[in-house]
Amino acid sequence: MSDINIQGYSIPKNTMIQINTYTIGRDPKNWTKPDEFIPERFVDNPIEYKGQHFELLPFGAGRRVCPGMATGITIVELGLLSLLYFFDWSLPNGMTTKDIDMEEDGAFVIAKKVSLELVPTLHRW
Ligand code: HEM
């Protein structure tokens with residue numbers, strides 16, 4: 001370990017550095033309407049999540065990248081796919097999408113402040 005200089009910032013040796021991937025992933029320089037849920041933004045987009053594109057780092061990057069990346073993606077995709085395939089989803093008590101409170105809460109880990117409540121109905125083909 002030694003002192004280093006990165007893009008004009010001098011960093012003494014033994015400094016602990018934390019990369020704020022939350023902020024990077026919401027940087028308007030990289031993303032249009034970064035706070036909006038627009039999954040289509042990833043269609044035909046060369047930026048992917050595997051740690052090679054620093055605009056999007058859900059699994060980190062480099063030597064300490066998440067070793068469970070493939071498992072994590074499989075669990076999320078399979079879980080989400082099952083929920084969407086087998087159930088139709090609606091909001092309770094006459095709520096509309098505009099009534100969903102998207103406020104976030106937390107510090108190191110961010111989550112929705114108010115839990116999302118949905119009503120699943122078994123889909124019939
Ligand atoms: C969608 C699911 C997951 C996400 C978003 C995720 C995200 C992350 C992130 C951001 C890191 C830190 C990477 C870094 O320091 O640059 C990490 C590390 C790690 N993840 Fe995951 N992870 C997921 C699933 C999993 C699963 C399923 C496993 C194991 C079966 C796993 C095991 C680990 C381990 C052991 C580390 C520490 C690696 C190290 O420090 O060398 N993760 N993960």
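What follows is a conversation between a visitor and a guide about reading a predicted model of a protein with its ligand.

Visitor: Where should I begin, and which pattern does the protein follow along the sequence?

Guide: A plain start is to list the helices and strands, and then to read them in order. In this predicted model the secondary structure comes to two helices and six strands, and along the sequence these elements follow the pattern β-β-α-α-β-β-β-β.

Visitor: What radius of gyration does the protein have, set beside a compact globule of 125 residues?

Guide: The protein has a radius of gyration of 19 Å, whereas a compact globule of 125 residues would have one near 14 Å. The spans of the C-alpha trace along its principal axes add to that picture, at about 65 × 30 × 25 Å. As for burial, 10% of the 125 residues count as buried.

Visitor: How do I read the surroundings of the ligand, and which residues make them up?

Guide: One way is to list the residues around the ligand, and then to ask what kinds they are. Here the ligand is surrounded by Pro58, Phe59, Gly60, Ala61, Arg64, Cys66, Pro67, Gly68, Thr71, Gly72 and Val76. By kind, this shell divides into six nonpolar residues, four polar ones and one charged one.

Visitor: Which N or O atoms of the protein lie 3.5 Å or 2.7 Å from an oxygen atom of the ligand?

Guide: For Ala61, a backbone N or O atom is 3.5 Å from an oxygen atom of the ligand. For Arg64, an N or O atom of the side chain lies 2.7 Å from a ligand oxygen atom.

Visitor: What donor does the iron atom of the ligand have from the protein?

Guide: The iron atom has a single donor from the protein, the SG atom of Cys66, at 2.2 Å. The UniProt record, an unreviewed entry, places the feature "binding site" at Cys66. This residue lies in the loop between helix 1, residues 21-24, and helix 2, residues 69-86.

Visitor: Why does Cys66 count as partly exposed?

Guide: The reasoning needs two cut-offs, since buried means under 20% relative accessible area and exposed means over 50%, with partly exposed in between. Cys66 counts as partly exposed because its relative accessibility is 30%.

Visitor: Can we apply that reading elsewhere, and is Trp31 buried or exposed?

Guide: Trp31 is placed in the loop between helix 1 and helix 2, and it is buried because its relative accessible area is 6%. Its C-alpha atom is separated by 22 Å from that of Phe108, a residue 77 positions away along the chain. Glu36 also has its place in the loop between helix 1 and helix 2, but Glu36 counts as partly exposed, because its relative accessibility is 45%. The C-alpha atoms of Glu36 and His123 are separated by 28 Å, with the two residues 87 apart along the chain.

Visitor: How should I read the backbone angle phi, and which residues other than glycine have a positive value here?

Guide: The general idea is that most residues other than glycine have a negative phi. Among those with a positive value in this model are Lys33, with phi near 45°, and Asp44, with phi near 55°. Lys33 is in the loop between helix 1 and helix 2, and Asp44 lies in that loop too. Asp44 is exposed, because its relative accessible area is 81%.

Terms used:
Residues are numbered from 1 along each chain as its sequence is written. This is a predicted model: local features need pLDDT of at least 70, side-chain atom pairs count only at pLDDT 80 or more; totals for chains, interfaces and linings use all residues. Side-chain values use heavy atoms; hydrogens and water are left out. UniProt positions are given in the numbering used here, feature names are shortened, and annotations may be inferred rather than shown by experiment. Helices (H or I, at least four residues) and strands (E, at least two) are DSSP runs, numbered from the N terminus. Buried means under 20% relative accessible area, exposed over 50%, partly exposed in between (1.4 Å probe, protein chains only). A residue is near a molecule or strand if one of its heavy atoms lies within 4 Å of it. A polar contact is a pair of N or O atoms within 3.5 Å; within protein, one must be able to donate a hydrogen and the other to accept it, and residues adjacent in sequence count only if both atoms are side-chain atoms. Ala, Val, Leu, Ile, Met, Phe, Trp, Tyr, Cys and Pro count as nonpolar, Asp, Glu, Lys and Arg as charged, and the others, Gly among them, as polar. Donors are N, O and S atoms within 2.8 Å of the metal (3.2 Å for Na, K and Ca); water is not among the atoms, so sites may look incomplete. The radius of gyration is taken over C-alpha atoms; the globule rule is 2.2 Å times the number of residues to the power 0.38.
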